[in-house]
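Visitor: I'd like a walk through this structure, with the reasoning spelled out as we go. Could you start with any term I'll need?

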Amino acid sequence: MKKIMNWFGASMMVLLMAGCDIASDIATVYNHGGIKSAPATLSLNVGNIIEKNSFYNYFKYTAREGEKLDLHAVLDFAITASNRMECEQTGDTFIVVYDSGMHQLDWIRTCSANLTVEFPADGRYIIQITYPGNEGYFDADSTMPQGATT
């Protein structure tokens, strides 16, 4: 009986330790953004967190000329028709893309949860996610221009 209790106790310890590993893996599933002066590196491998306060939603990305970056936001609350109309009427955008000098690339805009950015030149770009009153995460996927090498 004592042998069974020892085996049971050891098994429970293994399960608890495995549970700790699972919890730490879950904590690393998402990439948190940074601030304007210190943007976080955008991840293509895990979801990137969208905070309600867009002050913390800056991401940097090094792109190649002609590269396409597809962004897809998964938000806690849907973008309503009135949210979209307000965004379009004010000329705002939910995803703002800047060049390395923090000049906004005005022709890259969206009032939806999806955006494809085609980069005009090699370089570092800053992306700010701004969904007022909303939070969630976004995924990013890159497509290199035909014939380009990494």
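Guide: Sure. A residue counts as buried when its relative accessible area is under 20%, as exposed when it is over 50%, and as partly exposed in between. Keep in mind that this is a predicted model.

Visitor: With that in hand, are Cys87 and Cys111 buried or exposed?

Guide: The cut-off to apply is under 20% relative accessible area. Both cysteines meet it, so on that definition the word for Cys87 and Cys111 is buried.

Visitor: How far apart are the sulfur atoms of Cys87 and Cys111?

Guide: A disulfide is a covalent bond between the sulfur atoms of two cysteines. The structure holds one. Cys87 and Cys111 form it, and the distance between their sulfur atoms is 2.1 Å.

Visitor: Which hand does that disulfide have, left or right?

Guide: Look at the torsion about the S-S bond of Cys87 and Cys111, which is about -75°. That value makes the disulfide left-handed.

Visitor: And how many residues apart are the two cysteines?

Guide: Cys87 belongs to helix H2, residues 81-90. Cys111 sits in the loop between strand E6 (95-98) and E7. The pair links distant parts of the chain, with a separation of 24 residues.

Visitor: Let's stay in that loop. What is the relative accessible area of Thr110?

Guide: Thr110 is found in the loop between E6 and E7. Thr110 is classed as buried because its relative accessible area is 7%.

Visitor: Which residue's side chain makes a polar contact with the side chain of Thr110?

Guide: Two polar neighbours are worth a look here. The backbone oxygen of Asn114 lies 2.9 Å from a polar atom of the Thr110 side chain, but that one is a backbone atom. The side-chain to side-chain polar contact, at 2.8 Å, is with Ser112.

Visitor: Leaving aside neighbours within four places in sequence, which residues is Thr110 in contact with?

Guide: One of them is a disulfide partner, Cys87. With those sequence neighbours set aside, the full list is Cys87, Thr93, Phe94, Ile95 and Leu115.

Visitor: On to the strands. Which are the edge strands of the open sheet?

Guide: The open sheet has five strands in the order E1-E3-E9-E5-E7, with mixed pairing. An edge strand pairs on one side only. That description fits strand E1 (30-31) and strand E7 (114-118).

Visitor: Which residue in E7 does Lys68 stand opposite?

Guide: Strand E5, residues 68-75, runs antiparallel to E7, and five bridges join the two. Opposite Lys68 in E7 stands Glu118.

Visitor: How many of the seven residues of strand E8 are buried?

Guide: Strand E8 spans residues 123-129 and is mostly covered. The number of its seven residues that are buried is five.

Visitor: What is the bridge partner of Val96 in E8?

Guide: E8 is joined by six bridges to strand E4 (residues 58-63), running antiparallel, and there Phe59 is partnered with Ile127. E6 also runs antiparallel to E8, with four bridges. For Val96, the partner in E8 is Gln128.

Visitor: In E6, which buried residues cover the side opposite Ile95 and Val97?

Guide: Both faces of E6 are covered. Ile95 and Val97 are buried on one side, and on the other the buried residues are Val96 and Tyr98.

Visitor: Which residue forms a salt bridge with Arg64?

Guide: The structure holds one salt bridge. The closest N and O atoms are 3.9 Å apart, against a cut-off of 4 Å. The partner of Arg64 is Asp122.

Visitor: Is Arg64 buried or exposed, or something in between?

Guide: Arg64 lies in the loop between E4 and E5, with Asp122, 58 residues apart from it, in the loop between E7 and E8. The relative accessible area of Arg64 is 32%, so the class is partly exposed.

Visitor: How far is the C-alpha atom of Asn134 from that of Ala78?

Guide: Asn134 is in the loop between E8 and strand E9 (136-143), and it is buried, with a relative accessible area of 7%. Not counting residues up to four places away in sequence, it touches several residues, including Leu75, Asp76 and Phe77. Asn134 and Ala78 are 56 residues apart along the chain, and their C-alpha atoms are separated by 8.6 Å.

Definitions and conventions: Residues are numbered from 1 along each chain as its sequence is written. This is a predicted model: local features need pLDDT of at least 70, side-chain atom pairs count only at pLDDT 80 or more; totals for chains, interfaces and linings use all residues. Side-chain values use heavy atoms; hydrogens and water are left out. Two strands pair if DSSP finds at least two bridges between them. A disulfide is a pair of cysteine sulfur atoms within 2.5 Å. Buried means under 20% relative accessible area, exposed over 50%, partly exposed in between (1.4 Å probe, protein chains only). A polar contact is a pair of N or O atoms within 3.5 Å; within protein, one must be able to donate a hydrogen and the other to accept it, and residues adjacent in sequence count only if both atoms are side-chain atoms. Contact means heavy atoms within 4.5 Å. A salt bridge is a side-chain nitrogen of Lys or Arg within 4 Å of a carboxyl oxygen of Asp or Glu.
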